[in-house]
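Work through the exercises below with the sequence and the 3D structure at hand, and try each task before you read its solution.

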Protein chains: 2
Amino acid sequence: MEKFLPILQKTKLFAGLTEQEIFSMLGCLDAKTGVYQRGSAVLSRGDTVNRLAILLEGALHIQRDDYWGKRSLLSRIAPGELFGEAYIASESGVFLNDVIAVEDSTVIFFDVSKILTTCTSACLFHTLVVRNLFFALSEKNRRLVRKLDYLSGHSIRERLISYLSDEAGRQGSGSFSIPFNRQQLAEFLSVDRSALSKELCKMRDEGLLEFEKNRFKLL
Amino acid sequence: MEKFLPILQKTKLFAGLTEQEIFSMLGCLDAKTGVYQRGSAVLSRGDTVNRLAILLEGALHIQRDDYWGKRSLLSRIAPGELFGEAYIASESGVFLNDVIAVEDSTVIFFDVSKILTTCTSACLFHTLVVRNLFFALSEKNRRLVRKLDYLSGHSIRERLISYLSDEAGRQGSGSFSIPFNRQQLAEFLSVDRSALSKELCKMRDEGLLEFEKNRFKLL
DNA sequence: GAAAATCGGTTGTTTTTGCAACGGAAAAGA
DNA sequence: TCTTTTCCGTTGCAAAAACAACCGATTTTC
């Protein structure tokens, strides 16, 4: 557990705490880590979730397959990001999606209710963590709204433009790479892969952008 | 301000507090109310938001018009619901959508940072409000994920089914009414109104549902 | 109560998207 | 290195959705 302290210190949740303070909270939060091989499930649809999770190493996809096997890719989780936060406070707590490790991954789980319920040891950093938790949730919220924006696009081109220009802004450059291959990007934007491919090439031919593999350049 | 205490008491944010306790917090949170006529803007794209808002009376639409005047309806806010929560914790704090009063509305704004920063009067109910805030944000989060689900549908029919069956579940009956007219429902689901109308009638002819105006019955 | 605006269903046409299948290039695995 | 798998662009066709325009009914406004 100790070896993850430097990583935890960089997360939004524990921002501003010393390694020592984080360490003392881990016990209080009943922290448990899990290791997942590439391709295995971290959480599955129907699981009861009552813990907050943070990805320490690797990469995860939050996704869902419908009756016909059509897959929706809701979001990708990068190291330091938290997930499962939407369900811990729900009555049912039943998880509606699958969380899959797309790389070998390590995840840490917290019993977050311990932070929220009146803390017996009303320590100073508790207050800070609660504040951080609020910021993290708020940011997550913004992310979801952004994704809603992508999907509100009425055509493949609109969805692509809103997603790609957003990504360019986030990475601070018109030249950037995305964490998806074509199939995954199609699932992320809820469109057909071949139609996506067609549209991308059309946009390239029109001089709107350049790309090679998962690297893009907006013009 | 006092006349809104019974309404505030029913909100998620102040759940579990007495009217007296809420009243004493209003000053601490620097609460301010605003009254908006039907059709007027509560918040506009580009505004800097650093306050949490709760709708006390009326109804709001969070929406956005693109370059071509095409409107996306992100969500509808009912009395007691909070909004603006995504932006108060962001660096820029710049609001990306428009919030429009679709009925005469009253809104209350809070300086929520006051709850989060170390409270000089570390009162008991502060802790409770922070916990409530977390639950409220978490619920908002779930709502956004649900809407993402609707928009992930690959056809108008799929979007309709996921939205309508969700609404049926939420209202606990196969017979229910929705807070949108056809045009608004089309904007909410990001589809063309006439195509939506066509699909609805087709589904009715196939015996999947019945409807009249904004009242639906799933079969 | 008359005029104006909104609402929702309908139709026909155009455009876009989905789908299925193929093939070459690159990557992964043995 | 050779085989197998994955990736991604391409094509043709079928299906779906967007668009524009129209109309009767209802609602709103004055």
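**Exercise 1: a sheet in chain A**

Gly34(A) stands opposite Val107(A) in E8(A). This is a predicted model, in which local features need pLDDT of at least 70 and side-chain atom pairs count only at pLDDT 80 or more, while totals for chains, interfaces and linings use all residues. Residues are numbered from 1 along each chain as its sequence is written, chains are lettered from A and ligands numbered from 1 in the order in which they are written, and side-chain values use heavy atoms, with hydrogens and water left out.

Task: find the order of the strands in the open sheet of chain A, and its edge strands.

Solution: Begin with E1(A) and strand E8 (residues 105–110) of chain A, which pair in the antiparallel sense over 5 bridges; two strands pair if DSSP finds at least two bridges between them, and strands (E, at least two residues) and helices (H or I, at least four) are DSSP runs, numbered from the N terminus. Next, extend the sheet to its 4 strands, whose order is E1-E8-E3-E6 with antiparallel pairing. Finally, strand E1 (32–36) and strand E6 (82–83) of chain A are the edge strands, since each pairs on one side only.

**Exercise 2: strand E3 of chain B**

Task: decide whether strand E3 (residues 52–57) of chain B is largely enclosed or open, and name its partners.

Solution: First, 5 of its 6 residues are buried, so E3(B) is largely enclosed by the rest of the structure; buried means under 20% relative accessible area, with a 1.4 Å probe and protein chains only. Then, E3(B) is joined to the antiparallel strand E8 (residues 105–110) of chain B by 5 bridges, and Leu55(B) has Val107(B) as its bridge partner there. Lastly, 2 bridges pair E3(B) with strand E6 (residues 82–83) of chain B, again in the antiparallel sense, where Ile54(B) is matched with Leu82(B).

**Exercise 3: contacts with DNA strand C**

Task: which atoms of Arg182(B) and Arg193(B) approach DNA strand C, and which elements contribute to the surface near it?

Solution: For Arg182(B), a backbone N or O atom lies 2.9 Å from a phosphate oxygen of DNA strand C. For Arg193(B), an N or O atom in the side chain is 3.0 Å from a base oxygen of that strand. The elements that give two or more residues to the surface near DNA strand C are helix H7 (193–205) of chain A and helix H7 (193–205) of chain B.

Note on methods: Buried < 20%, exposed > 50% of the residue type's maximum accessible area, 1.4 Å probe, protein only. Polar contact = N/O pair within 3.5 Å; in protein donor to acceptor, adjacent residues only side chain to side chain.
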